[in-house]
Amino acid sequence: MIRDITLGQYYSADSILHRLDPRTKIMATLIFIIELFLVKNFIGFAVCGAALAVCVVLSKVPLSFILRGLKPIFMILAFTFFLNIFMVDGHEIFRWKFIKITTEGIYLALFMSIRLILLIISSSVLTLTTKPIALTDGLEKLMAPLSKLRVPSHEIAMMMSIALRFIPLLLDETDKIMKAQQARGADFESGNILKRAKSMIPILVPLFVSAFRIAQDLAMAMEARCYRGGAGRTRMNEIKFDKLDFMSIAACICFLGVVIAMRVLI
């Protein structure tokens, strides 16, 4: 399950999405997230899902690889689903003691689960098609106007990029620690949920130590390369918009207009 997390990983491929400017992909993802929160029925989710499916096809990232990222959050999805089913009041279709199931609860459970799945897939497509350094440059460029308000845009973009890059690194470290402890007789598979959760506690100490070691190595590497923040910093390859980026942004804005119209009319 550890290796099933795809958020923060980069999948190398030659596709239209890979060639887009990182700022275009960041803005498109933000617009798509806004659209998901504007949608108020399953028809809207079907339209958004179809648009996301087109993006997945254009990215040339295997669908199985993207869907694999949903496995680690299955428990969160299940918890959200059952919480909405049993906690929402409305027309009861089943009741046993204090447990009740309503039609409104089922509707809301499906609604929230679909929204969460689409959110995760869209975020995964962003990170899978964008290199970490390109993502940092795109975030910094987008937040550049905030520098006039003394907002450290470069530092914020760098921290966000490092946080995303740390996800696969820490997952690899967790996998190594688990295999090392399993070789010494540790059991992470048998028993109920509480027992398995308790068996994960011994992993936390070496994982924290490893995380601090990686952070220290990264800090030393940045100092060795004379990193002093974004002031006066230049780049070998400057990112820039081209016709494909403008067409993509225009398509995203048009699609946003369609979603807004569907919210008003349907």
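This text goes through the nonpolar cores, one buried charge and one surface patch of the structure.

The model is predicted: local features need pLDDT of at least 70, side-chain atom pairs count only at pLDDT 80 or more, and totals for chains, interfaces and linings use all residues. Residues are numbered from 1 along each chain as its sequence is written, and side-chain values use heavy atoms, with hydrogens and water left out.

The largest nonpolar core has 21 residues, of which Leu 36 and Ile 66 touch the most other members. A core here is a set of buried Ala, Val, Leu, Ile, Met, Phe, Trp, Tyr and Cys residues joined through side-chain atoms within 4.5 Å. Two or more residues come from each of α2 (22–38), α3 (42–59), α4 (63–67) and α6 (103–128), and α6 gives the most, six residues. Another core, of six residues, lies apart from it and includes Ile 26, Leu 126, Met 143 and Ala 157.

Helix α2 also holds Glu 35; helices are DSSP runs of H or I, at least four residues, numbered from the N terminus. Glu 35 is buried (under 20% relative accessible area, 1.4 Å probe, protein chains only). Glu 35 has no salt bridge (a Lys or Arg side-chain nitrogen within 4 Å of an Asp or Glu carboxyl oxygen), and the nearest side chain of opposite charge, Arg 115, is 12 Å away. Leaving out residues up to four places away in sequence, Glu 35 touches (heavy atoms within 4.5 Å) Cys 48, Cys 252, Phe 255, Leu 256 and Val 259.

On the surface, Ile 43, Ile 260, Val 264, Leu 265 and Ile 266 make a nonpolar patch of about 520 Å². Patch residues have over 30% relative accessible area and no salt bridge, and nonpolar side chains (Val, Leu, Ile, Met, Phe, Trp, Tyr) are joined within 5 Å. Helix α11 (residues 243–265) supplies the largest share, three residues.

Key. Patches are made of residues with over 30% relative accessible area and no salt bridge: like charges are joined within 9 Å, nonpolar side chains (Val, Leu, Ile, Met, Phe, Trp, Tyr) within 5 Å. Accessible areas come from the Shrake-Rupley method with a 1.4 Å probe; for residues, only the protein chains shown count as cover. Buried means under 20% relative accessible area, exposed over 50%, partly exposed in between (1.4 Å probe, protein chains only). Lys and Arg count as positive and Asp and Glu as negative; His and the chain ends are not counted.
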